[in-house]
Amino acid sequence: MDSLTQIVLGAAVGEAVLGKKIGNKAMLYGGIAGTIPDLDTFAGFFTDTVTAIELHRAFTHSIIFAVVFAPVLGLLVSKIERKSIATWKNWSWLFFWGLLTHPILDSFTTWGTQLFWPLETELAFKSIFVIDPLYTLPLIIGLVLAFRQKKGSKKRRYYNNLGLLTSTGYLLLSLALKGVAFEKFEKSLQNQTISYLQIETRPSPLNIVLWNANVELENAYLIGDYSFFDERPIQFERYPKNHQLLGDLKNHPKVQRLIDISNGWYTISKKNDVLRFNDLRFGKMNPYQKNSSFVFSYELIETKNGLTVKEVEKTPENAKNLLSNLWQRIF
């Protein structure tokens, strides 16, 4: 999820664990704990593009990371907060839950996490977008109301827990709606007599009302969307796989790693004589514009020093157009 949501979730968890004993400082250190796992994003400054992608949401988003570093961080904060009545065990417990709930929440997104690292098992329920205000707002409201109460107040715990329960309920609702959307896509494919190999569904940005689906065929992929308020049949757009364009590059280690990262959901395109590896898991930058690029595309550039993989940059204009067309589609 986005950084704000992870900070807010961490603060709410910190409050739930230690707020009764230390008050608002539990929110502060909980927010810090909720931020720490995403420090793996700095790997991009020190490694190549493919390695940075592999490292993101891996070790720092695992149970092992929470178990190992919670006591270390707990000890560090206990030294800083020597006058606090909270013990090293109390601080360690706060950091453990702050570090653990971060990857658990991320596992509901399309990207998913390697919660059970070092096992190569990716956990991705794909039921919520990385930014969803309806998940985040209850947490913020609960924290603000709790913040205004005294340390030992019952209302303080009530408000914070209500925010946590509401946001958790929203997550569970997203799973239920994902199941309904999957059935709608599956039925539509049957009605259109489309034979397919596999299907994946995911929510569109900022909501769990409008859903997208990737459908794999023998030599192509179909991408479609469905809103719970739709009265028209689901329409699918076809995208050729074009895997043959890779030629010998398909066996290159970096390309093989990209294929693993995308879980095999990819197309190959060519622009200005440069091959592009398009990760389909996140769909198009703007699904409602025919010639829109994909959210995650990587240029495969052959140089004297070997193959270079470069992510295609996104622009603010992409987001602006997406939001405008997204709301039109939902309404």
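**Entry 1. Nonpolar cores**

I began with the largest nonpolar core of this predicted model. It has 30 residues, and I listed those with the most contacts inside it: Leu 9, Ile 128, Tyr 135, Leu 139, Phe 185, Val 215 and Phe 236. I then asked which elements each supply at least two residues of this core. They are helix 1 (3-22), helix 6 (133-147), helix 7 (154-191), strand 2 (210-216) and strand 3 (220-227). Helix 7 gives the most, with six residues. I noted a second core lying apart from this one. This other core has 20 residues, including Trp 111, Leu 249, Val 255 and Phe 296. As background, nonpolar side chains tend to be buried together in soluble globular proteins.

**Entry 2. Surroundings of Phe 236**

I next looked up what Phe 236 touches, leaving aside residues up to four places away in sequence. I found Phe 185, Ser 188, Leu 189, Gln 192, Val 215, Leu 222, Ile 223 and Gly 224. Of these contacts, Phe 185 and Val 215 are also listed with Phe 236 among the residues with the most contacts inside the largest core. Gly 224 stands opposite Phe 236, which belongs to strand 4. I counted the bridges between strand 3 and strand 4 as five, and the two strands run antiparallel.

**Entry 3. The four-stranded sheet**

I traced the strand order of the open sheet as 1-2-3-4, with antiparallel pairing among its four strands. Which strands stand at the edges? I found strand 1 (198-203) and strand 4 (236-240) there; each has a single partner strand, so one side of each is left without a neighbour in the sheet. Ignoring direction, I recorded an average turn of 20° between neighbouring strands. I also placed helix 7 relative to the sheet: the helix lies across strand 1, strand 2, strand 3 and strand 4, and runs at about 50° to strand 2. Helix 7 is also the element that gives the most to the largest core.

**Entry 4. Aromatic pairs**

I searched the whole structure for aromatic pairs and obtained 19. I examined Tyr 29 and Trp 91, an edge-to-face pair at 5.1 Å centre to centre with 70° between the planes. Tyr 29 belongs to helix 2 (residues 25-35) and Trp 91 to helix 5 (residues 88-106); the two are 62 residues apart, and the pair links distant parts of the chain. Are these two rings' residues buried or exposed? I found Tyr 29 buried because its relative accessible area, 9%, is under the 20% cut-off. Trp 91 is likewise buried, at 0% relative accessibility.

I then examined Tyr 266 and Phe 277, which are stacked at 4.7 Å centre to centre with 10° between the planes. Tyr 266 lies in strand 5 (residues 266-271) and Phe 277 in strand 6 (residues 274-284), so this pair ties together parts eleven residues apart in sequence. Both residues are buried. I noted in addition one aromatic cluster formed by Phe 59, Phe 65, Phe 69 and Trp 117.

**Entry 5. Charges over rings**

I looked up two charged side chains placed over rings. Lys 241 lies over the face of Tyr 221, 5.2 Å from the ring centre. The charged end of Arg 281 sits over the ring of Trp 111, at 5.4 Å from its centre. Trp 111 is one of the residues of the 20-residue core.

**Entry 6. The strand 7 and strand 8 hairpin**

I closed with strand 7 (residues 294-303) and strand 8 (residues 306-311), which pair in the antiparallel sense over six bridges. They form a hairpin with two residues between them. I identified Lys 310 in strand 8 as the bridge partner of Glu 299.

Conventions: Residues numbered from 1 in each chain as written. Predicted model: local features only at pLDDT ≥ 70, side-chain atom pairs only at ≥ 80, totals over all residues. Heavy atoms only, no water. Core = buried A, V, L, I, M, F, W, Y, C linked by side-chain atoms within 4.5 Å. Buried < 20%, exposed > 50% of the residue type's maximum accessible area, 1.4 Å probe, protein only. Contact = heavy atoms within 4.5 Å. Phe/Tyr/Trp six-rings, centres within 6.5 Å; stacked < 30°, edge-to-face > 60°. Lys NZ or Arg CZ within 6 Å of the ring centre and 35° of its normal. Pairing = 2+ DSSP bridges. Axes fitted to C-alpha atoms, helices over the stretch in contact; angles between N-to-C directions.
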